Amino acid sequence: MSDGVPVGQGSTTFNIATDVVVRNSVTEHQQVVKLSLGSENECKSLLTSGSQLSENSMPVVLSSDHPSIWLELVNWMKSIFQALSKPCFWDPTLNRIRATSTIESGTVTTVTTVTTVTGLTNINSYPGSLLVINQNVSAWANIVRSRIS
Amino acid sequence: MTNNFKKVIDRQMWVHVAPAPNAHAAGISLACDLRKPPYRHPFVFELVSNTVLNRYNIVQKAWNFVVSPALGGTFGAGAGAVYAPSLSLLGAIGAGCSTTTIVTTTALTAVGVNMLANRGGSGEYGFRIRIIGNSAGGSGKIEERWIVANSASTTPAMILDTPLSFTPANGDKYEVLGGRLFMLGAGTLAATSFRAFEVAANSLTSLTTTNLPATIGTDFSAIALDELYVPYDCYPGEGLLPGSLTYNSELRCHGAVTTSTNTLTGSTTGGDLRILANEYRNFQIRIVEDTVNPTAVNQRRIISTHTAGPSPVYTVGTNWSVTPSATAKYVIENPNLILLRSTASTTMHVYNYTDMNIYNGSTTIAFNSWHNTYFGTAPGAMGAGCMQFPSYGIRPDSAKFSRHSYVYNFRGGNSTTLDVLNISGGASGTWDANVVYDGGVTINTGSCGKYAPHDQEGRFGYLNSYVASQVNQIHRFDVQNRVMSPITPTDWIQAGTAAVGDRIATFGAFDGVDYYTVCLLLMHASTIAQELIVLN
């Protein structure tokens, strides 16, 4: 069985293009349908093999109510850039990094200002508070004790 | 040594001492012996909880745990402690004494060898002992010595540093002048809410709670009007008025002229020469020597009324058990009572810690009893931060605008209000409400204060008017001149949510020439402790 099915209108006949295939063990004609797009009185064939001009290509577009990927992409990119430029540990009011840090080991070369040291446990095995206490005791010895002589 | 402190030019300062074992929290209290050195017990006590009592060695500047006081109730606001040096360890003397060896017969908590010969401060003094020759046929004398050795026993033999002028007789009495720490718990009253720790033999005793509030709270303020607490210019045992006679070789006293079953008439000379009528009502008269009627010695009586000097006639509330002779010697002293303000009330709770019932001519307080109307109710309720300053340490001015009988009560509760109890103002005292004084300071929650009779003519009580994070929190109140003024602040800034507690103690130091007040302050909500030697 050859492809095509002849159809006629009066004495004139022509073929409806088909392709003979076996489907479910039955040999049948499957109609060849050629897609085209076009406005009124216009037809642009789309089924030319290979890469074609746009007028010969099937347009793929989003539906008109689909959210704009571009807008999301822009916002996403904006967030990335903001995060990079002002990370969460950045204090915008003080314009400096805000962090609670622990120096596991190493050397601190320069400390410009320390506002409050809540606890200073040891200095070379001596309690850190002795820094203050011994200064206080020395001052007391000079200022007070020396007056009782 | 000499105090070379130049006023205005030099400055005082607080100095760190070893931190306390336990941080301040609500109800934690410091208590101290207010006798002058070397008589005062050399420890400040820190009542921390129902199970923790610490002490601070004022000589060595160090702390240690003492004992669990095993207080009842729920510890917190309202708890506190007060120290009283008299009538803590009493006993009878047996046969076989010498002038330096005392044989005792009253069973005590067992003491170790020579334990009474070192109070634990710096080791140079043992406990002071008063030997009372008041047995029939006794010497009729009272003398005091330091204990330099003792045997290990419940009835220890005690060795004295210098010989007595008499040999104690069988049946005489003794009193170890160590003292007791009286401790009050908080919360719902329990049988063990009020206890005493005796510091010589280290014994704990539960005392009565009858007439105390059913639930102890708010804050604690207590003072001891102890017979051994005296003016700055007197020694313990001399009372409040230095007399022209002596007993115990050196202690000043007064001489009787005539006596009756309930009176004693003083002489035309001596320290009670210029007293006003009833100036010392509700104080104690104690017979310190009577070689004619020895059994009259050591009688203590509350003065119900007396006439003005010279030759004041003292009428005692309770008749003499043995009428003193006309040559008896006596002293006028504080009445051995604890005055307690507690639990947001107007009541002045009065505790009799002597060994006998007292009667002032209108009201009796049995020994080991609280009385709520012995002195009248205060004009206002006490609040958190309240404090009391007695004024037995001063020498009253000649016009008697200031008196030993005045007890200054700062109400607390975020007020500046000061009420004054005059314990001699009537049979039950009188109150002056909201008196005028200079330099009012708001007494907030967390405030505390302690009287210091040691120096500065016994004029000052030192207080911490607590305000979180404020630099200037330290003040002192002049009980002679009714002036409050700021003094040297601590360099460590006290802070934290206000919690009540009696965090300040005072004690005396002696450099061989001068006496000094030392303040010990336990910082608010902290273990940090600092001392201030008051130099001006």
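Tutor: Lys and Arg count as positive here and Asp and Glu as negative, with His and the chain ends left out. Each charge is placed at NZ of Lys, CZ of Arg, CG of Asp or CD of Glu. This is a predicted model, where local features need pLDDT of at least 70 and side-chain atom pairs pLDDT 80 or more, while totals for chains, interfaces and linings use all residues. Residues are numbered from 1 along each chain as its sequence is written, chains are lettered from A and ligands numbered from 1 in the order written, and side-chain values use heavy atoms, without hydrogens or water.

Student: Okay, charges first. How far apart do the centres of the positive and negative sets lie in chain A?

Tutor: They lie 33 Å apart, with 9 positive and 10 negative side chains in chain A. In chain B, the mean positions of the 33 positive and 34 negative charges are 2 Å apart.

Student: And what elements does chain A have?

Tutor: Elements are DSSP runs, numbered from the N terminus: helices are H or I with at least four residues, strands are E with at least two. Chain A has 2 helices and 10 strands. Starting at the N terminus, the order in chain A is β-β-β-β-β-β-α-β-β-β-β-α. The radius of gyration of chain A is 44 Å, well over the 15 Å that the globule rule gives for 149 residues, so chain A is more spread out than a compact globule. That radius is taken over C-alpha atoms, and the rule is 2.2 Å times the number of residues to the power 0.38. Along the principal axes, the C-alpha trace of chain A spans about 145 × 40 × 25 Å.

Student: How much of chain A is buried?

Tutor: Buried means under 20% relative accessible area, exposed over 50%, and partly exposed is in between, using a 1.4 Å probe and protein chains only. In chain A, 7% of the 149 residues are buried. Then look at contacts, meaning heavy atoms within 4.5 Å. Of the contacts in chain A with a separation of 6 or more, 8% involve residues 24 or more positions apart.

Student: How does chain B read on those points, starting with its radius of gyration?

Tutor: A compact globule of 536 residues would have a radius of gyration near 24 Å, and the 22 Å of chain B agrees with that. Its C-alpha trace spans about 65 × 55 × 50 Å along the principal axes. Buried residues come to 62% of the 536 in chain B. Among chain B contacts between residues at least 6 apart in sequence, 65% join residues at least 24 apart. As for secondary structure, chain B comes to 0 helices and 41 strands.

Student: Pick a strand for me. Where does β9(B) sit, and how many of its residues are buried?

Tutor: β9(B) covers residues 128–132, and 5 of the 5 are buried, so the strand is largely enclosed by the rest of the structure. In a regular strand, side chains alternate between the two faces of the sheet. In β9(B), Arg128(B), Arg130(B) and Ile132(B) are on one side, Ile129(B) and Ile131(B) on the other, and all are buried.

Student: Which strand does β9(B) pair with over 5 bridges?

Tutor: Two strands pair if DSSP finds at least two bridges between them. β9(B) runs antiparallel to β10(B), residues 142–150, over 5 bridges, and there Ile129(B) has Arg145(B) as its bridge partner. β9(B) also pairs in the antiparallel sense with β12(B), residues 173–176, over 4 bridges. In that strand, Val176(B) stands opposite Ile129(B).

Student: What about β4(B): how many of its residues are buried?

Tutor: In β4(B), residues 53–57, 4 of the 5 residues are buried, so it too is largely enclosed by the rest of the structure. It pairs with β3(B), residues 43–47, in the antiparallel sense over 5 bridges. The two form a hairpin with 5 residues between them, and Phe45(B) stands opposite Arg55(B). β4(B) also pairs with β5(B), residues 62–67, antiparallel over 5 bridges, with Asn64(B) as the partner of Arg55(B). The hairpin of β4(B) and β5(B) has 4 residues between the strands, and Lys61(B) there takes a positive phi near 60°.

Student: One last residue: is Arg35(B) buried or exposed?

Tutor: Arg35(B) counts as buried, at 3% relative accessibility. It lies in the loop between β2 (29–31) and β3 of chain B. Beyond its neighbours within four places in sequence, Arg35(B) has contacts including Arg40(B), Pro85(B), Tyr229(B) and His454(B). Arg35(B) and Asp226(B) are 191 residues apart in sequence, yet 9.5 Å apart in space, C-alpha to C-alpha.
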